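Trainee: I've got a model open and I'd like to learn how to read a sheet. Can you walk me through it?

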Amino acid sequence: MPADVLFTGGAVFTGRDEPLQGHAVAVTGGAISAVVPETEASVWIGPDTRVVDLDGSLLSPGFQDAHVHPVSAGVELLMCNLSDATDAADAVARVQAYADANPDEAWIQGGGWSMDHFPGGAPLRTLLDAVVPDRPVVLMSRDHHSTWANTAAIRAAGIDASTPDPVDGRIEREADGTPAGTFHEGASDLFDHVRPKIGADLAYAGLLRAQDELIALGITGWQDAWVGTGLGGVQDVASVYRRALRDGTLRAHVVGAQWWERSGGLDQVDEMISRRAEFAALDGGRATLGTVKLMVDGVAENQTAAMLTPYRDLHGHDTTNRGLSFIDPERLREIVTKLDAAGFQVHFHALGDRAVREALDAVEAARATNGATDGRHHLAHLQIVEEAEAARFAELDAVANIQALWATHEDQLDELTLPFLQDGAEARQYPFGDLVRHGARLAAGSDWPVSSADPMDAIHIAVTRVAPDREAEPLGGPHQRIDLATAMAAYTSGSAYVNHRDHDTGHIREGYLANLVVLDPDPFTLPADEIHRSTVTSTWIEGELVYSRTS
């Protein structure tokens, strides 16, 4: 039977190992019908076959982002977006331009500011007061772990010098205790009761905008790492996906990680089981809710990542702060054991070395109680991992979900993180090489809008440990690099495994869905320091062209 589409004239990365040379890929009825030597490809060509000449480009399985926040990312693109600001002055100018262009908005909301643009990673309310003195302004940081607010917003929320820090956050303060303008972690929630909620239509528009952005980067599936309430002001992320399923507008394959409210109890599990069943009835598998997201700790930049050793102060002296464990370790083990028994996958935010240990301890406790399951639990971020913990991933069948774009020297790391960590901490930053040598299975994601969603930018850094056009030593040393095939596999077959979609996606093999991406130049033909030049020329979902750079 002739194929609907035939790809020929380029190498084929099948989802693992080095690419095949001299092979063609036939697609029929939305699935891969054959991977054959090019000398045998002609039998698949009929009068209606679309022949795609790769002309030396690489054909790969579509990328899958194993940790991303599409709804909030899309909403931010439609609001006051600071993600492209080059410095503090540019960020402030963008806020003023947005306010001037939207005089009827009662509150200015959005996000994307970078901590490294401001002294100590903490922008002041007075910077916003100078350009928007008469309306509240609340803007999330790019990493979504801090909020920047002006005086009008602080007053509207009833926050003052007497307001205590919440147990899971911190308010930056002036000398007399007055809020200075930056609110870390749970302190950001102090505005929730007064700021306008994101409307259903805006949230839906945000999802569709984000989907377009991701598909253009070759991403054909993802795991949404926060399907709950509150992220970026979106009140019900699950309802946004329900609407997209009903409307038939969701093109990608999505796994939703239901958000665990750490102030809640174990009764959440029953509620999550009900939502999982509801989604299973809605659709034939394009979107599922079989994962639960647990936030174990914060981030290193604001010293809320949970560490085994204390943070240091500006003078290099040890403090009493070892970061925050948002969930008591004993309670964490109990939660994970119950979720595992209920058939859920657990998606951990675990950034500091203590958080990684606590998360792995919880997986170990679940295995001890429940036996081996097909949970495919995974730990995301993994900024600092002790080598002893790196060896436990394979032992526990836990997946290392890496955000490789961060694994390089850059201002936020070099100025706001490393100076406040113990000697030798640089060597343990994002230790991908150690994880691979210890047999850990890798998946990959972006954490967009925290950082770029472009897989090829992240893959470049995974291989080199140095950002393009930057003069720096490889972060953590050359031994933490991974090879290109391993990095590509993490973003394709590795993430498909985490998403429980490895039975029909993540590989180029007969019978699998034709979720594909074409990359030019072929990254396997480039020097390592030029991998970032490889970009997406087309994206295909179930054999249909959904993005073309030339169209």
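**Reading the sheet**

Mentor: Sure. This is a predicted model, and in it eight strands form an open sheet with parallel pairing, in the order S7-S14-S15-S16-S17-S18-S19-S20.

Trainee: Which strands stand at the edges?

Mentor: Strand S7 (63-68) and strand S20 (441-444) do; each has a single partner strand, so one side of each is left without a neighbour in the sheet. On average, neighbouring strands of this sheet are turned by 25° against each other, direction ignored.

Trainee: What holds strands of a sheet together, in general?

Mentor: Strands pair through backbone hydrogen bonds, either parallel or antiparallel. For a case here, take strand S18 (residues 378-381) and strand S19 (residues 399-402): they pair in the parallel sense over three bridges. Look for Leu379, which sits opposite Ala400 in S19.

Trainee: And which strands does helix H6 touch?

Mentor: Helix H6 (residues 237-247) packs on the sheet against strand S14 (219-227), strand S15 (253-259) and strand S16 (287-295), and its direction makes about 145° with that of S14. Helix H7 (residues 268-282) also packs on the sheet, touching S15 and S16, with its direction at about 155° to that of S16.

Trainee: Let's zoom in on one residue. Is His67 buried or exposed?

Mentor: His67 is found in strand S7. Buried means under 20% relative accessible area, and His67 has 1% relative accessibility, so it counts as buried.

Trainee: What does His67 touch?

Mentor: Leaving out residues up to four places away in sequence, its contacts include Gln223, Lys293, His347, His381, Asp447 and Trp448.

Methods:
Residues numbered from 1 in each chain as written. Predicted model: local features only at pLDDT ≥ 70, side-chain atom pairs only at ≥ 80, totals over all residues. Heavy atoms only, no water. Pairing = 2+ DSSP bridges. Helix = DSSP H or I, 4+ residues; strand = E, 2+ residues; numbered from the N terminus. Axes fitted to C-alpha atoms, helices over the stretch in contact; angles between N-to-C directions. Contact = heavy atoms within 4.5 Å. Buried < 20%, exposed > 50% of the residue type's maximum accessible area, 1.4 Å probe, protein only.
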